[in-house]
Amino acid sequence: MTQVDSDKGATGAGGAEPGTEPGSRTAVEVALQRSYRQARAVSLVREAALLPVLVALIIVGALVSPVFFTVSNFSGIGLQASALGVTVVGESLILLIGGMDLSLEGTYGFAPMLAAWLVVPVAAFGSGADLNPHLGLLVLLLAGAFVGLVNGTAIVKGRMNGFIWTLGMTIVLAGLQNGIPKAQTLFALPRAFSYLGSAYWGQVPFSLVFTAVIFVGVGLFLRYHRGGRAIYAVGGNAEAARAAGINVDRVKISVYVAGGTLAALGGLMEAGRVSAVTGQQGYQEGVIFTVFAAAVIGGVSLLGGKGNMVGAATGVALLSIVQNILDLANVSSYWIEAIDGAVILVALMMTRVIGGKASQG
Amino acid sequence: MVEIQQQPALVGEVPVAEAIGIHKQFGSTLALRGVSLSLHAGRCLGLVGRNGAGKSTLVSIMSGIVGPDRGQVRFDGQRAPDLADVRAWRERISTVFQHSMVVPQLTVAENVFLNSQPGRSGFVDWKIMRAETDRVLAEWGFSDVAAGAPCATLTVEQRQLVEIARALAAGRRCLLLDEPTAALERAEIRRLFDRVRALVAAGVAVLYISHHLEEVFEVCDDVAVLRDGELVLAQATVGLSKDELVTAMVGPDVAAMTTTARARENGTDGPEHRDHGRPCLVVEHLSAVSARGAVRDVSLEVRHGERVGLAGLLGAGVATLARAVAGNQSWTSGRIEVEGVALVPRRPDKALKAGVGYVPEDRRAEGFVRVLSVGENSTMTIVDRLASRLGVLLPRLRNAAARPLADRLSIVSAGLSQPVGELSGGNQQKVTVARAVATAPKLVVAITPTRGVDVASKATLLEVLSSLARDQGTGVLLATDDLDDLVICDRVVVLRNGEIVAEFTDPPFEREALIGAIEGLLGDERATA
């Protein structure tokens with residue numbers, strides 16, 4: 001076999017293969033294309049690697065509790081998943097540029113706390129400023145964007161280590177979150193404030209619709225907008241992007257700003273869902289670990305440049321369903337965290353086994 | 001049946017290392033199809049082939065990094081150890097890879113003895129390690145590298161010396177050198193050749209992978225040629241002509257094309273734009289400091305349609321000057337104007353806007369984004385033009401823009417949607433060049449555009465650069481240490497120690513005169529050849 005192969009090549013070198021040489025480049029390309037299409041098909045299977053896991057989970061859920069397969073349960077899952085989902089979009093964008101932001105959980109708690117404190121009456125532990133709730137929403141978004149801007153500027157322009165910087169930032173924000181209302185829980189949120197997290201459109205939570213729009217919008221932006229493509233280029237190879245005329249610093253800082261804003265929105269949803277802003281929301285709940293887990297399970301690379309919104313959404317759905325099943329199964333709250341963590345580890349291993357390098361990058 | 005018979009003098013002797021009937025499919029590429037070759041004690045086998053021919057895959061398989069799909073590797077007639085048994089592989093064969101495998105945070109000595117540190121029961125004996133490293137470095141003439149220096153402070157070439165020293169210090173009987181001279185300077189290459197010859201004379205088996213055919217003729221006893229994953233030629237270098245070797249590498253038709261392209265470039269169809277072109281690049285009294293070599297008070301002009309070569313050794317300031325013109329390098333004094341627009345240091349986006357197309361020195365670091373497609377990388381510089389006012393960028397429009405670029409540069413890929421990281425080195429470089437010329441630049445700055453690129457790709461790349469000047473009046477600034485690149489130039493400026501020491505204005509340039517100026521053998525007066 002071997003000998004024959006080599007011999008054929010040698011004859012070709014001598015020009016004794018009439019008819020094959022002129023088209024050899026196209027022949028090579030055709031062969032390349034065929035094997036590449038196969039590789040692509042394999043990679044599509046890999047991208048859908050979490051779907052069977054989701055299906056399996058849904059079956060498990062149905063077996064665990066008759067309540068699982070009801071519309072109200074699913075809309076409950078949707079409600080819970082939304083706050084997480086929007087924050088995961090923010091973190092995914094930051095991961096895509098090769099960054100990392102632990103302070104999204106700080107913003108997730110701090111931004112709604114600041115806004116609610118300005119809005120709710122003194123009796124509900126507000127500041128007494130009695131700000132118009134719509135202005136309050138603006139404050140919330142600006143607070144998220146501002147934290148993102150500070151982070152982005154410090155990390156990109158000031159060359160701070162992103163991990164440590166945002167770790168410090170998240171602790172600062174958590175402190176402010178408790179310090180501003182003197183460690184009280186703010187309630188009596190006005191309707192405009194809680195609408196996003198608590199309203200239903202028929203059986204469908206409004207927050208789910210909103211989150212879906214965010215996922216689709218950001219997904220399309222990443223795929224079809226020059227800004228989105230610049231994010232991939234910067235995350236894939238910042239130097240090459242810079243040499244191609246992309247303003248790398250601006251792209252990075254913008255992404256941190258977007259991440260902070262999305263985390264603030266996520267916090268608003270959570271506040272609306274529980275009709276209060278607590279000191280625990282965000283940092284003390286350890287939200288960021290779930291956020292990271294969802295993004296990474298969904299195939300967003302920690303090294304930057306790789307991942308998409310379909311994957312991130314799958315990751316969010318997976319973790320939310322697991323959480324729901326654990327709740328329905330009445331697992332003792334002492335054990336729930338251990339199981340939650342174990343599920344993350346197993347899901348990660350599964351994406352690694354089924355999806356090859358998908359989650360490692 | 002053509003008999004492919006290696007090392008006729010040594011038939012019957014058990015090879016130190018051999019690959020037998022190796023097949024390997026790698027991702028989407030059929031890398032190797034039934035390749036057999038053997039390494040014998042006291043002989044140096046040259047392995048050549050175009051980028052993507054399968055050389056690197058064969059090296060990986062023979063080094064025990066990946067396993068073959070079919071076939072086997074043998075050492076001294078014994079089956080190769082299990083892939084997982086890294087130590088057993090390292091005891092049999094040492095490989096110096098094309099891409100740096102030094103750990104920049106560690107010192108030279110630590111890298112030389114990486115995972116084989118001298119000492120007792122796991123404790124490293126630093127004194128012996130440093131002394132041994134010094135001895136090895138001195139023995140091989142790498143005296144400009146200090147054993148205690150952190151590798152991060154070394155230049156690219158010094159890091160490669162460390163890698164070579166690592167293989168040599170291990171004292172293996174079988175050595176694989178994967179394009180060892182790609183980043184070395186002439187004097188060092190000479191030393192390396194001497195050492196390789198000495199090694200071979202001492203009975204070591206060497207597999208020498210190279211793009212430079214001269215090197216193969218100089219140091220190799222035998223040569224094996226890979227083309228499209230198959231072994232197409234294997235014989236002693238004695239009695240083999242360079243033309244035969246080139247033909248084997250690229251196939252008869254491409255070889256003819258290459259020769260024609262060369263002939264045309266060397267021929268009489270001279271640069272029409274040269275005499276009456278306006279300057280598109282003006283560099284005035286530029287001084288810059290850089291690890292790549294300082295530039296001292298350099299003034300230079302490139303006119304429209306003019307192809308100017310910038311030649312010099314590594315560290316002579318050639319790359320620094322070119323990077324400054326592309327906006328990637330800061331400078332301490334002087335000014336750079338492109339089309340009358342003054343450039344700003346460290347602002348490549350401004351240079352791009354002023355009309356500079358840039359082909360960076362290190363394509364892996366700056367040339368492309370591995371995970372993104374051929375189409376997207378090729379058009380990354382013209383997103384402004386392709387995107388709608390709202391910034392929407394349709395893949396259809398992008399591909400329509402990328403298609404002619406890919407055709408013009410003969411980029412061989414499975415399609416515009418294939419990630420560039422999956423392509424061979426030559427095709428990656430073509431993508432880098434496509435990206436630079438996509439903007440229809442007024443000036444193209446290319447740094448060593450053909451380094452590590454096969455013969456046919458080289459011809460294509462040079463022809464594209466040359467035709468830009470000829471057909472579109474683009475100025476070309478070609479910074480290189482490869483004399484072959486200079487055949488397309490109308491004028492060559494030679495830098496030494498950051499200063500212009502010679503200028504050649506009359507092509508074809510004499511090789512000897514160029515080398516003399518570059519190496520500093522001519523004295524410091526301005527030569528006009």
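**Exercise 1. Find a stretch of chain B with low confidence, and judge the chain as a whole.**

Step 1. Over residues 522–529 of chain B the pLDDT stays under 50, and the model has 17 contacts beyond four places in sequence for this stretch. Here pLDDT is the predictor's confidence in each residue, from 0 to 100, and two residues are in contact if their C-beta atoms, placed from the backbone, lie within 7 Å.

Step 2. The model is predicted: local features need pLDDT of at least 70, side-chain atom pairs count only at pLDDT 80 or more, and totals for chains, interfaces and linings use all residues. Residues are numbered from 1 along each chain as its sequence is written, while chains are lettered from A and ligands numbered from 1 in the order in which they are written.

Step 3. Chain B has a mean pLDDT of 83, with 88% of its residues at 70 or more. Among its elements, strand 19 (residues 443–447) of chain B has the highest mean pLDDT, 95, and helix 9 (residues 252–266) of chain B the lowest, 45. Helices (H or I, at least four residues) and strands (E, at least two) are DSSP runs, numbered from the N terminus.

Step 4. The scores of the model are ipTM 0.76 and pTM 0.72.

**Exercise 2. Describe chain A, then state which residues of helix 8 of chain A are buried.**

Step 1. Chain A contains 15 helices and two strands. It has 361 residues, of which 49% count as buried. A residue is buried if 20 or more other C-beta atoms, placed from the backbone, lie within 10 Å of its own, exposed if 12 or fewer, and partly exposed in between.

Step 2. In helix 8 (residues 191–198) of chain A, the buried residues are Phe193(A), Ser194(A), Leu196(A) and Gly197(A). They line one face of the helix, because they fall within an arc of 145 degrees seen down the axis of helix 8 of chain A. The arc is that of the directions from the helix axis to the C-beta atoms.

Step 3. The cover over these buried residues includes helix 5 (104–119), helix 6 (133–157), helix 9 (206–224) and helix 12 (248–274) of chain A.

**Exercise 3. At what angle do helix 4 and helix 13 of chain A cross?**

Step 1. The axes of helix 4 (residues 71–96) and helix 13 (residues 287–297) of chain A come within 9 Å and cross at roughly 65 degrees. Helix 4 and helix 13 of chain A are therefore roughly perpendicular to each other; angles of 65 to 115 degrees count as such, under 35 as roughly parallel, over 145 as roughly antiparallel and the rest as oblique.

Step 2. On the side of helix 4 of chain A, the residues making the contact include Leu84(A), Val88(A) and Leu95(A); on the side of helix 13 of chain A, they include Val291(A) and Phe292(A).

**Exercise 4. Locate two residues with positive phi and say whether they are buried or exposed.**

Step 1. Most residues other than glycine have a negative phi. Asp130(A), not a glycine, has a positive phi of about 45 degrees, and phi of Asp76(B) is near 50 degrees.

Step 2. Asp130(A) sits in the loop between helix 5 and helix 6 of chain A. Asp76(B) lies in the loop between strand 4 (70–75) and strand 5 (78–79) of chain B.

Step 3. Asp130(A) is partly exposed, because 13 other C-beta atoms are within 10 Å. Asp76(B) also has 13 C-beta neighbours inside 10 Å, so it counts as partly exposed.

Definitions and conventions: Axes are lines fitted to C-alpha atoms, for helices over the stretch in contact, and angles run from 0 to 180 degrees between N-to-C directions.
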